[in-house]
Amino acid sequence: MTLHDAGPDAIRAVLSGDPRDVAPHLLGAVLSHHSPEGTVAIRVTEVEAYLGPRDSPQPDPGSHTYGGRTARNAPMFGPAGHLYVYFTYGMHYCSNIVCGPDGVASGLLLRAGEVVAGYALAQSRRPASRSRTDLASGPARLASALGLTTADSGRDALAEPFRLELPSAPAAESAVANGPRVGVAGEGGSDSYPWRYWLAGDPTVSRYKAARSRTA
């Protein structure tokens, strides 16, 4: 049996690792959301790894969990395979797949992907999209195309109405590029945290943007 055919338990076991190691397994994976409107499926082409609080063995100043556990970020503390969806800038939803052992805060932000099923429905959710390649290129666009909101935060991505299919093998090292995370302020967005991973050459990968400098 390949990972493509694996059941939820086997997939959750893969996701229970360090997100930096899980990233090559998630690149090329297909996440589907079955809703009353229909089904949209997206092949993941770009992710960002995030780790834990400042007092944890793996502190990450760029993570929502850095200041500790809250009602908002609680899904990031496990179990693996669940969603952490947050609202940002007063207008966008972004979605993460939780990784690591239960109780250890870590996850992978779904930054970009290719719509492989339900294109018409995805486009109706993102009418401003100009092409197939930009329909889910960016974390807010991806979440919007899938129809995800904070109501989905904490739900299991390996159970209905969701489905996660991993590729039969992790992406080859030569096919995966990595670099600093997008739009993360401070040290967490520096070259010291090259935790953005993407499929090199894929046209759906989002463009890199550094965080805006804060003025006093």
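Start by selecting P161, which sits in the loop between α4 (139-146) and β6. This is a predicted model. The bond that joins E160 to P161 is a cis peptide bond, with omega about 10 degrees.

Stay in that loop and select L148, which also lies between α4 and β6. L148 counts as buried because its relative accessibility is 3%, and buried means under 20%. Show the residues around it: leaving out those up to four places away in sequence, L148 touches H33, L83, Y93, S95, A143 and F162. One of these contacts spans a stretch of chain: L148 and Y93 are 55 residues apart along the chain, and their C-alpha atoms are separated by 7.2 Å.

**The whole chain**

Zoom out and colour by secondary structure. The chain has 4 helices and 8 strands. Their order along the sequence is α-α-β-β-β-β-β-α-α-β-β-β. The C-alpha trace spans about 45 × 40 × 40 Å along its principal axes. For 216 residues, a compact globule would have a radius of gyration near 17 Å; the chain has 16 Å, which agrees. Of the 216 residues, 52% count as buried. The accessible surface is about 10,000 Å², and 51% of this belongs to carbon and sulfur atoms. Among contacts between residues at least 6 apart in sequence, 61% join residues at least 24 apart.

**The N-terminal end**

Select D5, in the segment before α1. D5 counts as exposed because its relative accessibility is 52%, and the cut-off for exposed is over 50%. Now add E165: D5 and E165 are 160 residues apart in sequence, yet 7.5 Å apart in space, C-alpha to C-alpha.

Move on to helix α1, residues 8-15, and show the side chains. I11, R12 and L15 are buried. These three lie on the same side of α1 because they cover an arc of only 100 degrees around the axis. Turn the helix round to find D9 and A13, which are exposed on the other side. To see what covers the buried side, select α2 (19-26), β4 (92-98) and β6 (162-165), against which the buried residues of α1 pack.

**Strand β2 and its partners**

Select β2, residues 38-50. Of the 13 residues in β2, 10 are buried, so the strand is mostly covered. Which strands pair with β2, and in what sense? Take the partners in turn:

- Strand β1 (residues 30-35) runs antiparallel to β2, joined by 6 bridges. H34 stands opposite T39 in β2. The two strands form a hairpin with 2 residues between them.
- Strand β5 (residues 107-117) pairs with β2 in the antiparallel sense over 9 bridges. Select V44 and G113 to see one pair of bridge partners.
- Strand β8 (residues 196-199) is joined to β2 by 3 bridges, again antiparallel. Here V47 stands opposite Y197.

**The core**

Keep V47 selected and show its surroundings. Setting aside neighbours within four places in sequence, V47 is in contact with A23, L26, L27, L108, L109, L110, R111, W195, R196 and Y197. V47 is also among the residues with the most contacts inside the largest nonpolar core, together with L15, L26 and L164. That core has 44 residues. β2 gives the most to this core, with 5 residues. Another core, of 8 residues, lies apart from it; select M76, Y84, V98 and L109 to see some of its members.

**From P79 to the β3-β4 hairpin**

Select G78 and P79. The peptide bond from G78 to P79 is cis, with omega near 0 degrees. P79 lies in the loop between β2 and β3 (83-88).

Follow the chain into β3. How many of its 6 residues are buried? The count is 5, and β3 is mostly covered. β3 runs antiparallel to β4, and 6 bridges join the two strands. Select V85 and S95, which stand opposite each other across this pairing. The strands form a hairpin with 3 residues between them. End the tour at Y89 in the turn, where phi is positive at about 55 degrees.

Conventions
Residues are numbered from 1 along each chain as its sequence is written. This is a predicted model: local features need pLDDT of at least 70, side-chain atom pairs count only at pLDDT 80 or more; totals for chains, interfaces and linings use all residues. Side-chain values use heavy atoms; hydrogens and water are left out. Buried means under 20% relative accessible area, exposed over 50%, partly exposed in between (1.4 Å probe, protein chains only). The arc is that of the directions from the helix axis to the C-beta atoms. Contact means heavy atoms within 4.5 Å. A nonpolar core is a set of buried Ala, Val, Leu, Ile, Met, Phe, Trp, Tyr and Cys residues joined through side-chain atoms within 4.5 Å. The radius of gyration is taken over C-alpha atoms; the globule rule is 2.2 Å times the number of residues to the power 0.38. Accessible areas come from the Shrake-Rupley method with a 1.4 Å probe; for residues, only the protein chains shown count as cover. Two strands pair if DSSP finds at least two bridges between them.
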